[in-house]
Number of protein chains: 2
Amino acid sequence: MATIYEVSKAAGVSLATVSRVMNGNARVSDRTRDKVLKAMDELGYKPNSIAQSLASNRSNSVGLLVSALHGSFFGNMMSTVEDVLRNAGKHVIITAGHSDEQQEKDAIEFLLDRRCDALILHAEAVSDEYLLELSKRDVEVVLINRRIEEMAEHCFYTDNELGGYLATKAAIDAGHTSIAYISGPLFKQDATERLQGHKRALSEAGIKFNPQLMVEGGFHEDEGAQGYLDLVAVNQPFTALVCANDEMASGAMTAAREQGVLIPEQLSVVGFDDVLFARYLYPKLTTIDNPIQKMGNEAAHWVLEHVYKQKKTSAHTNLFAPKLVVRDSLMEIK
Amino acid sequence: MATIYEVSKAAGVSLATVSRVMNGNARVSDRTRDKVLKAMDELGYKPNSIAQSLASNRSNSVGLLVSALHGSFFGNMMSTVEDVLRNAGKHVIITAGHSDEQQEKDAIEFLLDRRCDALILHAEAVSDEYLLELSKRDVEVVLINRRIEEMAEHCFYTDNELGGYLATKAAIDAGHTSIAYISGPLFKQDATERLQGHKRALSEAGIKFNPQLMVEGGFHEDEGAQGYLDLVAVNQPFTALVCANDEMASGAMTAAREQGVLIPEQLSVVGFDDVLFARYLYPKLTTIDNPIQKMGNEAAHWVLEHVYKQKKTSAHTNLFAPKLVVRDSLMEIK
DNA sequence: TTTAATCATGAAAGCGCTTACATTTATTTT
DNA sequence: AAAATAAATGTAAGCGCTTTCATGATTAAA
């Protein structure tokens with residue numbers, strides 16, 4: 001591989017000049033620029049990004065932490081982030097935290113060791129304090145799906161309360177009055193917010209919240225199935241079931257069907273997230289669009305602007321509004 | 001951040017010695033080693049991986065190319081690869097090729113610019129020649145889901161013919177004799193191999209292959225739906241439908257159901273891949289397990305051994321055997 | 001003991017770039 | 001035309017490591 005030195009010799013200029021035309025910052029006369037470009041071309045020169053990093057103290061890499069690489073929730077977000085950053089010549093190192101505090105810390109430590117210029121984190125298990133501390137180090141950190149007051153500008157998140165509200169509101173608008181709810185784990189902020197939204201929709205419609213019609217799950221499919229069974233067991237009939245995410249909705253639907261319940265004729269179901277497989281389900285799931293992909297996009301652009309000083313392309317939003325996605329699992333009640 | 005220089009001063013030894021204890025290769029007396037370790041600890045020293053890379057001419061990063069970051073097919077594979085390599089202190093740069101020749105080349109070029117020590121590629125669109133050429137450069141390249149004779153040792157792939165055979169065999173074993181087939185795009189090797197397997201199963205059972213009962217799709221859901229419709233249009237009744245992947249099976253199932261066809265009572269369906277959502281489908285999809293995750297694991301270990309000289313942990317297989325996964329979408333015919 | 005062989009450590013030259021500063025060359029200004 | 005200013009280019013010192021080679025300290029062999 002040709003080095004900058006060989007290019008400079010071939011072009012008959014100094015190292016510095018070659019570096020200048022590469023980086024396009026300083027002014028170089030058109031004549032020399034052409035000479036250099038030609039030499040680069042002839043030698044098939046490619047800058048060594050590692051040497052660039054060392055000399056410039058920028059790794060041009062950004063770390064991305066997600067809970068899991070597989071699964072439906074992160075795919076599009078990772079995809080967007082990778083796309084935006086790669087088009088800017090940056091590379092992204094993706095790691096998985098598996099919703100576990102130690103694993104998240106390890107992953108972040110790893111990214112730090114790699115000298116990432118910025119970190120885009122979907123961190124679920126580490127504390128606010130840890131993240132605050134982290135943001136004081138010499139990396140920029142931005143948070144997805146989480147809001148910490150002290151670093152609000154660095155946070156991109158959904159209005160989960162609104163989402164929860166919309167989900168239940170949809171059921172109410174369809175005429176349902178007995179509405180059960182399978183919540184996410186209540187130690188997670190998004191789960192509690194969604195539940196609040198659920199309650200608001202109920203009270204707005206003058207329906208009293210019935211604790212017996214709510215169970216807490218862990219956002220996984222099997223807990224959706226179990227949740228449905230538990231709900232049925234208390235013997236309080238309900239015609240609609242709102243779930244705090246699509247996985248649990250899927251589990252609940254399967255469990256209900258195994259009991260011989262027709263969906264949506266006998267039971268309407270609403271999910272949350274609108275993950276990829278929501279439309280593969282039968283019946284196709286009515287759910288809440290959680291615009292995580294847009295958040296990824298914003299986060300990536302934020303990094304480009306704040307860390308790599310690209311000029312602003314558009315205004316930033318930190319708060320993203322969820323929307324109802326109408327499909328087939330919610331039915332008008334007679 | 002402390003540098004190696006500060007550590008060496010604190011420990012009262014030379015740079016070289018510190019480097020030695022870091023890398024554990026050369027021999028250092030226990031006394032000095034302890035001194036150095038202590039100094040590192042006190043200073044909170046972390047080696048600068050970029051400087052290491054520059055000096056050692058190893059980036060400790062491996063590039064991973066997949067078709068798409070989202071979608072069900074790659075998730076587990078990426079996950080495994082990331083996990084194995086990160087535990088070895090290597091990092092993986094993931095890029096997406098979107099099954100497009102130019103995009104795949106761009107992505108590979110990008111990884112090469114990043115000075116990856118190795119490339120793990122799930123490349124669908126570039127030619128064998130291109131890959132062969134690539135493998136002559138100074139990166140190790142390993143291929144997933146593709147076999148090229150000249151670099152067979154570097155290839156990890158499924159026995160697609162066997163998979164296609166097993167899928168159709170399952171239908172035959174359940175008593176079906178009129179079996180339709182929705183193929184993948186026939187310019188892709190895996191699609192043609194699966195089709196061959198299908199034909200072999202047919203002929204082994206003494207069933208004549210009927211070209212009218214086969215359509216070619218593009219591995220996407222909508223083409224599964226369209227394929228089903230086209231198949232019905234030719235007016236040759238069939239009781240089982242084998243699809244070359246799960247996406248198309250899902251599309252076909254939806255289309256059939258919309259026509260009022262009961263699955264599996266009136267139509268049995270078999271898929272291929274066993275992607276994550278296969279079990280979310282209704283009815284749960286009987287399909288062929290395509291062990292892509294295992295291939296990812298093998299590929300990652302191969303890189304560790306051949307590029308980073310880790311000792312061999314187990315024997316390698318290049319060819320992976322698919323298996324039938326029995327669920328609910330295939331029914332015994334009376 | 002003397003000599004050779006072995007082991008532990010240090011000195012210093014890179015790795016391929018960026019960038020502050022110095023120098024040269026071209027352009028204005030008076 | 002000389003002096004002042006601006007623009008283009010070069011020089012060289014790092015960035016934080018690895019690694020070769022040389023040297024000094026030990027140990028083993030004679």
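## Surface near DNA strand C

A residue is taken to be near a strand if its C-beta atom, placed from the backbone, lies within 6 Å of it. In this predicted model, 28 residues lie around DNA strand C, and those that come nearest are A:Ile4, A:Ser19, A:Ala55, B:Ala16 and B:Arg27.

Both chains contribute helices to the surface near DNA strand C: helix 2 (15–23) and helix 4 (49–56) of chain A, together with helix 2 (15–23), helix 3 (30–43) and helix 4 (49–56) of chain B, each supply at least two of its residues. Helix 2 of chain A provides the largest share, with 6 residues. Sorted by class, the surface near DNA strand C holds 15 nonpolar, 10 polar and 3 charged residues.

## Contact between the chains

Where chain B meets chain A, 33 residues of chain B are in contact with 33 residues of chain A. On the side of chain B that touches chain A, helix 4, helix 5 (75–87), strand 2 (91–96) and helix 6 (101–113) of chain B each supply at least two residues, and the largest share, 6 residues, comes from helix 5 of chain B. The residues on this side of chain B comprise 15 nonpolar, 12 polar and 6 charged ones.

## Relation of the two copies

A turn of 180°, with a shift of 0.0 Å along the axis, lays chain B on chain A with an RMSD of 0.1 Å. The two copies are therefore related as by a two-fold rotation axis. The same surface serves both copies, since 100% of the contact residues of chain B recur in chain A.

Methods: Residues are numbered from 1 along each chain as its sequence is written. Chains are lettered from A and ligands numbered from 1 in the order in which they are written. This is a predicted model: local features need pLDDT of at least 70, side-chain atom pairs count only at pLDDT 80 or more; totals for chains, interfaces and linings use all residues. Helices (H or I, at least four residues) and strands (E, at least two) are DSSP runs, numbered from the N terminus. Ala, Val, Leu, Ile, Met, Phe, Trp, Tyr, Cys and Pro count as nonpolar, Asp, Glu, Lys and Arg as charged, and the others, Gly among them, as polar. Two residues are in contact if their C-beta atoms, placed from the backbone, lie within 7 Å. Copies are superposed by least squares on the C-alpha atoms of residues with pLDDT of at least 70 in both.
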